[in-house]
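Welcome, and please have your viewer ready with selections by chain and residue number. We will go from stop to stop, and at each one you can select a piece and look at what is there.

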Amino acid sequence: MTSTLTPVRKRSALTKGQLPKTAPYIVLAVALILGAAILALIGFNAFGWGLVSAILFAAGLVGWSLVVEGSRKAKDKLATCLVVGSFLIALLPLVSVIWTVLVNGLPGLLDPGFLTTSMNGVTGAFDNKTVEQGAPLLGGIYHAIVGTLLITVLATLISVPVGLLTAIYLVEYGQDRALARAITFFVDVMTGIPSIVAGLFAAAAFFAVVGPGTKTGAVAAVALSVLMIPVVVRSSEEMLKIVPNELREAAYALGVRKWRTILKVVLPTAISGIASGITLAIARVIGETAPILVTAGFATTINTNVFSGWMASLPTFIYTQILNPTSPSNPDPSSERAWGAALVLIILVMLLNLGARLVASLFAPKTGR
Amino acid sequence: MTTTSLTKSRGAGHTGDKVFSAATLAAGCLILAVLFGVALFLVVQAIPALVAPADQIQGGEGFFTYIWPLVIGTLIAAVIALVIATPLAIGVALFISHFAPRNLASGLGYVVDLLAAIPSVVYGAWGVAFLAKEISPSYDWLAKNMGWLPIFQGPASATGKTILTAGIVLAVMVLPIITSLTREIFLQTPKLHEEAALALGATRWEMIRMTVLPFGRPGIISAVMLGLGRALGETMAVALVLSSGALTASLIQTGNQTIAAEIALNFPEASGLKVNTLIAAGLVLFVITLGVNVIARGIISRHKEFSGAN
Amino acid sequence: MSKRIDVKDLNVYYGKFLAVEDVNINIDAKSVTAFIGPSGCGKSTFLRTLNRMHEVIPGARVEGEVLLDGDNLYGPGVDPVTVRSQIGMVFQRPNPFPTMSIRDNVLAGVKLNNKKISKGEADVLVERSLQGANLWNEVKDRLSKPGSGLSGGQQQRLCIARAIAVEPQVILMDEPCSALDPISTLAIEDLINELKDQYTVVIVTHNMQQAARVSDKTAFFNIAGTGKPGKLIEFGDTPTIFSNPTEKATEDYVSGRFG
């Protein structure tokens with residue numbers, strides 16, 4: 001015995017008093033089976049099964065750990081279960097929203113003419129006919145798509161120059177002056193303005209300047225700009241800050257003026273990040289409903305003039321179709337149109353988000369030989 | 001002394017410098033002007049409602065009788081949202097920053113950000129078409145078994161279109177905001193502190209309780225405040241989900257209303273003094289959210305100064 | 001193509017703090033002058049005042065005169081941009097513009113100032129500058145590739161090519177080899193020796209052997225203690241400074257007793 005230097009043991013002293021590696025899987029299997037049994041008693045549904053099993057799993061694993069490993073390890077297991085559980089719970093609404101929109105939205109989107117016609121002349125009588133006699137669903141979202149695009153483009157045209165120039169001021173000229181600090185502070189405050197208040201501001205401003213009841217696409221664009229400018233400022237500021245000072249100094253040392261240095265060296269270096277930030281800002285405001293509701297009204301016809309007349313947009317279209325169906329007695333066709341529009345809107349937003357990532361990598365300064 | 005070779009002016013470039021810096025300055029000042037304009041125009045358009053005789057305001061008892069149930073309703077909805085979202089958000093943030101495998105973490109963060117990308121009107125539509133229907137049986141259960149609590153007093157709404165449902169939808173909407181901010185703060189926890197705790201034999205949870213959470217507390221508080229700002233001002237989820245009515249204590253009956261939803265529902269058809277009343281309501285909302293945001297920003301900037309983060 | 005620099009009674013301040021005190025120095029045209037001294041003695045700060053690059057740092061200002069062939073850099077009506085186009089600078093870390101190709105990096109000084117230049121002239125200028133920086137043979141086949149793809153030493157020579165493409169009178173170098181490996185350092189030192197045929201070169205270096213190898217004259221800066229201003233202690237021919245200095249502090253420093 002004494003001659004053996006490394007005693008042969010079944011388990012290392014370092015793994016004594018631990019649960020076996022397979023413990024979570026065993027507990028999970030037991031929890032799933034028990035959960036199914038309990039649910040079978042009170043009426044089976046998938047959500048309940050998952051919930052009950054998760055609770056059983058956490059209780060089982062923590063209890064086992066308490067017996068074998070002691071209270072400290074058990075607490076650690078409990079915390080892990082809670083943290084992972086909260087992440088899974090957070091995923092539920094995301095999956096549920098996307099699933100709901102897909103299932104309800106596809107029929108609407110697949111209706112012929114949904115993307116190419118407006119709601120002009122579509123009345124409750126047509127919808128009643130669709131429900132009662134199976135006539136094809138009339139009406140579409142062309143006017144809303146046009147409105148959304150025009151309003152968003154105008155808002156972008158206002159926000160990007162103002163936001164970008166402000167970011168340049170803050171990073172290149174501000175140098176911690178009182179004015180720069182004030183702007184930074186108020187930009188932060190602006191990010192917190194509720195979107196409906198931004199809409200009311202634009203409405204109130206145009207009511208006071210142009211005349212009461214002024215509701216056009218341009219007013220909506222101003223409202224969206226109030227929401228968009230702070231986002232553009234913050235993201236551009238971050239991007240300009242990470243441009244190395246060495247590049248600015250290199251340009252100055254070549255006898256290049258400051259404004260040319262900013263335009264030709266600093267901006268091109270940061271452009272990928274700035275463009276991606278702007279794309280995300282667009283994605284954020286394109287889905288805004290409340291400010292458009294109070295500034296552009298709703299229209300059922302195609303209006304391509306942002307400076308006169310009410311204008312439709314995808315979000316307000318969804319809102320009105322749900323809240324005030326075209327045919328109050330048969331709301332199903334309106335709801336189908338609303339979900340179709342929601343699907344289009346989500347696709348648009350997701351494309352913009354994806355585009356932002358693409359832009360970031362596409363315009364990034366190239367390295368390599 | 002001759003300075004000819006150095007004073008040869010290149011006029012065009014110099015004007016360029018002046019014009020460009022003036023343009024950036026003007027843009028910065030424009031932002032200040034716009035914010036000032038927001039306050040000014042809201043006040044100007046709100047004054048008629050504030051000075052109008054009481055019987056001309058909706059409800060017939062003056063502006064303040066009109067607005068206070070809305071303020072309370074707004075607060076109720078926001079508080080429900082935060083009570084649900086805060087623990088979840090901290091859990092999710094911890095999961096992404098300290099529990100998930102490194103190579104998955106950024107992808108999972110992106111998934112949570114997707115929650116923030118979904119437009120509010122879609123959340124509203126989801127809330128009314130899916131959540132309200134699915135959740136109404138549990139309201140019946142609450143009314144039956146917990147009805148002795150004023151907030152769960154029955155009879156429960158049959159449609160599920162209650163302030164609690166609206167609060168849950170709001171919680172989903174503020175969750176990604178609180179998550180992304182707290183996640184940033186958690187990731188800034190000094191690695192040395194974490195390693196010191198682990199080297200003492202702490203379990204992962206003990207390490208988090210000893211280092212990550214104390215370090216992140218000011219960040220969590222300000223993230224929750226920013227989430228509160230968002231929840232107070234969110235319009236569509238409430239406007240679509242809530243079947244509004246008079247102020248009630250029960251969260252599972254129809255009733256209550258928030259400022260933002262009140263404006264959205266009534267502004268499009270409003271005229272005359274009603275417009276001014278609604279703008280005044282917007283001014284009240286603006287002031288409340290402004291206060292909340294200023295406090296949140298204050299906490300963040302004070303925290304930045306002594307933590308050495310960034 | 002090259003001018004002399006005379007500095008008279010120069011003080012440099014950061015806000016209220018006096019960083020460099022009372023420097024008088026005469027730098028000959030077509031020579032290499034090295035500034036040596038311990039960290040924080042103000043030699044880099046002083047170098048920056050020779051083409052007004054210190055003005056990029058908030059709060060930095062100078063008193064006194066810097067004469068470029070008799071013209072005061074700080075005289076009334078003098079534009080720092082004009083100064084910098086006559087006195088070029090190479091920095092500690094190679095900093096080619098990441099958004100530009102090798103060719104565009106060389107042409108940066110011309111193009112960024114929006115000067116019109118024909119393609120033929122540009123080609124000549126690119127080749128001449130890269131030849132001047134001993135880089136032509138290494139990059140002539142990939143002029144359109146990004147400059148950030150080169151090795152550290154090549155990038156630094158690209159930065160030198162970029163500086164000489166503006167055809168300055170003087171080239172200032174702020175520890176140009178401190179981020180480079182020994183082989184690349186050797187290439188830069190060879191280049192400095194060739195540059196002095198055409199340019200006045202002023203180089204700040206931490207490396208005393210380097211100062212001894214490349215410079216004709218050496219200036220030793222020192223600082224009495226933290227919070228005190230840096231001063232020019234001794235200035236003379238490089239062999240004298242290294243073998244027979246007049247000041248005790250210089251001797252202590254070059255013999256490695258401190259610093």
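Start by selecting residues 275–296 of chain B: this span is 100% helix and 0% strand, with its end C-alpha atoms 31 Å apart. Helices here are DSSP runs of H or I with at least four residues, strands are runs of E with at least two, and both are numbered from the N terminus.

Before moving on, some ground rules. This is a predicted model, in which local features need pLDDT of at least 70 and side-chain atom pairs count only at pLDDT 80 or more, while totals for chains, interfaces and linings use all residues. Residues are numbered from 1 along each chain as its sequence is written, and chains are lettered from A and ligands numbered from 1 in the order in which they are written.

**Stop 1: the annotated spans of chain B**

The span you have just selected is one of those that UniProt, in an unreviewed entry, lists as "transmembrane region" in chain B; the full list is 20–47, 67–96, 108–132, 163–182 and 275–296. UniProt positions are given in the numbering used here, with feature names shortened, and annotations may be inferred rather than shown by experiment. Now select residues 20–47 of chain B, where the end C-alpha atoms are 40 Å apart and the chain is 100% helix and 0% strand.

Widen the selection to residues 71–296 of chain B, which the unreviewed UniProt entry labels "domain: ABC transmembrane type-1". Over these residues the chain is 77% helix and 0% strand, and the end C-alpha atoms are 20 Å apart.

**Stop 2: a kinked helix**

Next, pick residues 63–99 of chain B, which make up helix α3 with its 37 residues. From first C-alpha to last, α3(B) reaches 51 Å, close to the 54 Å expected at 1.5 Å a residue; the expected span is 1.5 Å times one less than the number of residues. Where does α3(B) kink? Centre on B:Ala85, where there is a kink of about 30 degrees, shortly before the proline B:Pro87. The bend at a residue is the angle between axes fitted to the seven residues ending there and the seven starting there.

**Stop 3: where chains A and B meet**

Show chains A and B together. Their contact takes 66 residues from chain A and 68 residues from chain B, counting two residues as in contact if their C-beta atoms, placed from the backbone, lie within 7 Å. On the chain B side, helix α2 (residues 11–51) gives the largest share, 21 residues. That side of chain B divides into 48 nonpolar, 16 polar and four charged residues. Here Ala, Val, Leu, Ile, Met, Phe, Trp, Tyr, Cys and Pro count as nonpolar, Asp, Glu, Lys and Arg as charged, and the others, Gly among them, as polar.

**Stop 4: chain A in two parts**

Colour residues 19–110 of chain A as domain 1 and residues 142–362 as domain 2; these bounds come from an automatic or database domain assignment. The C-alpha centres of the two domains of chain A lie 40 Å apart. Eight residues of domain 1 touch eight residues of domain 2, and the domain 1 side has five nonpolar, three polar and no charged residues.

Select residues 79–102 of chain A, a span that is 100% helix and 0% strand, with end C-alpha atoms 35 Å apart. Then try residues 216–233 of chain A, which are 94% helix and 0% strand and have end C-alpha atoms 26 Å apart.

**Stop 5: the sheet of chain C**

Switch to chain C and find its open sheet of ten strands, with mixed pairing and the order β5-β4-β1-β2-β10-β9-β3-β8-β7-β6. Two strands pair if DSSP finds at least two bridges between them. Which strands stand at the edges? They are β5 (71–72) and β6 (87–90) of chain C, each with a single partner strand, so one side of each has no neighbour in the sheet.

At the β6(C) edge, four bridges join this strand to β7 (residues 170–174), and the two run parallel; C:Ile87 has C:Val170 as its bridge partner.

At the β5(C) edge, two bridges join β4(C) and β5(C) in antiparallel fashion, and C:Leu67 stands opposite C:Asn72. These strands form a hairpin with two residues between them, and C:Asp69 in the turn has a positive phi of about 50 degrees.

Finish on β1 (residues 5–14) of chain C, which pairs antiparallel with β2 (residues 17–27) over seven bridges. β1(C) and β2(C) also form a hairpin, with C:Gly15 in the turn at a positive phi of about 60 degrees. β1(C) pairs antiparallel with β4 (residues 60–68) of chain C too, over eight bridges, where C:Tyr13 is partnered by C:Arg61.
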